[in-house]
Amino acid sequence: MYDRRGELIQVTAISGGGRREFTPISKIPESVQKGFIQQEDKRFYLHHGVDWLSLLRAAAQNKKAGKIVSGGSTITMQLAKLANKNSSPTFSRKLKDIFNAYRIEAKLSKKEILELYLNSIYFGKNSYGITSAARTYFSCELNQLTDKQILPLSKIPRNPNHIVPSEPVYFSYPLTLPHFVNHIISEYKKSHTALPYELHTTVDLEISSLAQNYLREALEQAKASRITNGSLLLLNNEDGSVISWLGNGDFFDNENSGQIDGVLVKNQPGSSMKPFLYALAIEKNILQPSSVLADIPSEFGNQKLYIPENFNNRFNGPVRTRIALASSLNIPAVATLNKAGVPAYLEKLYELGFESLHQNNTGLKADLGLALGAGEVSLYELVPAFSIFVRDGFYLPVKVLSENKHDKKLTNVRQVFSLDTARIITSILSDKGARALGFGYTQTFQTRYPSIFKTGTSNQYQNIIALGATEKYTIGVWMGNFSGNTVIGKTGASLPAWVARKVLDQLEEPDHPFPAPEHYHKERICSLSGLKAGPHCHATVSEYVKDETTLPACNWHQEINGHVQTVYPPEYQKWLRSQSGKAFIEHSASPLTVLTPNDNSLFFYSILNQEKQAIPFELSGGNEQTLQIYYDEKKFATISRPFVFTLPVDYGEHSCRMLCGNEEVTVSFTVR
Ligand SMILES: [Zn+2]
């Protein structure tokens, strides 16, 4: 099996345990060809299959010795002998070899005969052919054999028990990506198809090796928490092909069942499934990114009571859909599933390739728990499903074999979500500001290229999953343990995301942003109500709004008796009372967040358009009404909401520090 660049991954054993690699004659070094001809058949290029002179001499030698000491067989006759099942050294068999040698010479050229011979002969130690022999005896590729090594090898075919002198004998077949190789073999077995002689797969050995290093490093760090296993699947978004498939950190870790393939093991996905649920709700027009969901203690359903706790263990009151998804809030997710309907969601999950969730397979209880990642799925299902967001809604099955160049057609492609739904989810999952409520400003997600991330944990951190995608690649990393032991503490919760990020950093990524949805436009909305921003709104944000909808003006912020007040809808009253002292300070629900520009941005100053250029800033959240701005540590301005301003352009490196009450953010940028 080879990787996408033609690097050898593994030589799997043929039936009986032997190894046989084929090398065309054009790739067999001249020195090897000459060495074997010299040893076996000096007049190979002169005879027509049989060397009578050599046969007569052998007969004379054998008569003198009283037993067979020499065969006198040519290379062609030895090839004929290999094809002859009867191997007893009788005179009639020898005659048959002679007859067949003439037939072979009549059909094949000398080079073709030599090629078949060198690739067929048995070298002992379960090795067939010169390429496998080189690997077995000298741990090297065929073209690395020295003359000193060729000589003892050329003596073996006559006597397979011949001992190769002076050089150490050891076995050196590569055994990289064993889980991946085993998966391919088992797929062939399942379909009752014989494994072909040569398989060209889609994996990249170089990237896989890097990925394995990161995975092992993360597992090392998580050891103390009883996390012993981890797996990783990296796909190319263009055709769904596997770039890296790591079933576990270490295949040979017997103590922790290293041979189990973690890519195929089913685990609870936790919150990593939430994007599919919100995509369904957006697709069904139940939600828009601006729609407000209630993150307050709630009851759902007729009989069952759900009070799922949030990741950050607090209730946030009204939250826009964008923030609810990006910050992975639980109650809004359950509410969304309640509206979209469990059967519709399950149907969508099947469409997304989650075969594991088929009820008749698992006896899965299909209820609102699905919103929080109940049910068990594998990375093998999660990663291709997650990739549909950066693929404009198209699902592609996982592909492991590279097809030949003429067969570029993608099969089994299906559109599961509309282009716009996919792009809205991409916009949300790449929004680092929206993520802050649930996760703070994790450096892990701050990539220099556009990226989306989603994480999930379940069973008290037993299963930790991170999914990441860029325009070109999608990655999934799982960490936990196969033994079912309880994981200690929260240590390592962010490690899979760290691995995913590190691997994506190694890949070539475009620097243009993700494409915008087509039938949405940007509108300034109230960050609390999600409605069209009015004159009294404390904080506003720019958000995608569906073209056909007309957002009503915000009526949560009203001027009453000369004072601007926040009037919450009735459903929030109970929650408000529980927010001791926090009532009516709505923007505390959202930390001070720089929406533009990204930290460490690079701007290019154009001399053609001088007076129109400025560095645009936009912030949201914060718990005060004014923002103090320090440009390169010098006081620049104090502004009130909305927090939108520009800085003059000046070459070089700069920093901008912004203060809002007790919150402070700094952005660095460079102008060239
Ligand atoms: Zn408002």
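Which elements do the buried residues of α18 pack against? I will start there and then move outward. Keep in mind throughout that this is a predicted model.

Helix α18 covers residues 495-505. The buried residues of α18 pack against helix α9 and against four strands: β3 (229-236), β9 (452-458), β10 (463-469) and β11 (473-480). Nine of the eleven residues of α18 are buried, so the helix is mostly covered. The buried set is Leu495, Pro496, Ala497, Val499, Ala500, Arg501, Val503, Leu504 and Asp505. Note that Arg501 and Asp505 are on that list.

One of the packing partners, α9, deserves a closer look. Ala222 is a residue of helix α9. Is Ala222 buried or exposed? Its relative accessibility is 0%, and therefore Ala222 counts as buried. Setting aside neighbours within four places in sequence, Ala222 contacts Ile227, Met479 and Leu495. Leu495 is one of the buried residues of α18. There is also a long-range pair to mention: Ala222 and Val487 are 265 residues apart in sequence, while their C-alpha atoms are 9.6 Å apart in space.

Now the nonpolar cores. The largest one has 106 residues, and the members touching the most other members are Leu232, Phe276 and Phe354. Helix α9, residues 205-222, supplies the largest share of this core, with eight residues. Phe276 has a long contact list even when residues up to four places away in sequence are not counted: Tyr345, Leu349, Leu352, Phe354, Leu382, Ala385, Phe386, Phe389 and Phe417. Another core lies apart from this one; it has 27 residues, including Ile28, Leu114, Ile121 and Ala133.

For the chain as a whole, the counts are 19 helices and 23 strands. The chain has 672 residues, and 52% of them count as buried. Taking contacts between residues at least 6 apart in sequence, 67% join residues at least 24 apart.

Next, the metal site. Which atoms coordinate the zinc ion? The donors are SG of Cys526, SG of Cys537, SG of Cys554 and ND1 of His557, at 2.1 to 2.3 Å. The angles subtended by the four donor atoms run from 104 to 116°, so the arrangement is tetrahedral. For reference, the ideal angle for four tetrahedral donors is 109.5 degrees. Along the chain, the zinc donors follow the spacing C-x10-C-x16-C-x2-H. Within this site, Cys526 and Cys554 link distant parts of the chain, 28 residues apart. Cys526 sits in strand β12 (residues 520-526), and Cys554 sits in the loop between β13 (540-546) and β14 (557-560). Cys526 and Cys554 are both buried.

The strands around that site can be followed a little further. Strands β12 and β13 pair in the antiparallel sense, over seven bridges. One bridge joins Ile525 to Val541 in β13. Six of the seven residues of β13 are buried, so that strand is mostly covered as well by the criterion of under 20% relative accessible area.

Further along the chain there is a five-stranded sheet. In what order do its strands run? The order is β17-β23-β22-β19-β20, in an open sheet with mixed pairing. The edges are β17 (601-603) and β20 (634-640), each of which pairs on one side only. On average, neighbouring strands in this sheet are turned by 25° against each other, direction ignored. Inside the sheet, β19 (residues 626-631) and β22 (residues 652-660) pair in the antiparallel sense over four bridges. Tyr630 stands opposite Arg657 of β22.

Last, two backbone points for anyone checking torsions. His192 is not a glycine, yet its phi is positive, near 55°. His192 lies in the loop between α8 (178-190) and α9. With a relative accessible area of 76%, His192 is exposed. Ser257, also not a glycine, has a positive phi of about 50°. Ser257 lies in the loop between β4 (242-246) and α10 (274-283). Its relative accessible area is 31%, so Ser257 counts as partly exposed.

That is what I have for today.

Technical notes. Residues numbered from 1 in each chain as written. Predicted model: local features only at pLDDT ≥ 70, side-chain atom pairs only at ≥ 80, totals over all residues. Heavy atoms only, no water. Pairing = 2+ DSSP bridges. Axes fitted to C-alpha atoms, helices over the stretch in contact; angles between N-to-C directions. Core = buried A, V, L, I, M, F, W, Y, C linked by side-chain atoms within 4.5 Å. Buried < 20%, exposed > 50% of the residue type's maximum accessible area, 1.4 Å probe, protein only. Contact = heavy atoms within 4.5 Å. Donors = N, O, S within 2.8 Å, 3.2 Å for Na, K, Ca; no water. Tetrahedral: all angles 85-135°; square planar, octahedral: opposite > 155°, others 65-115°.
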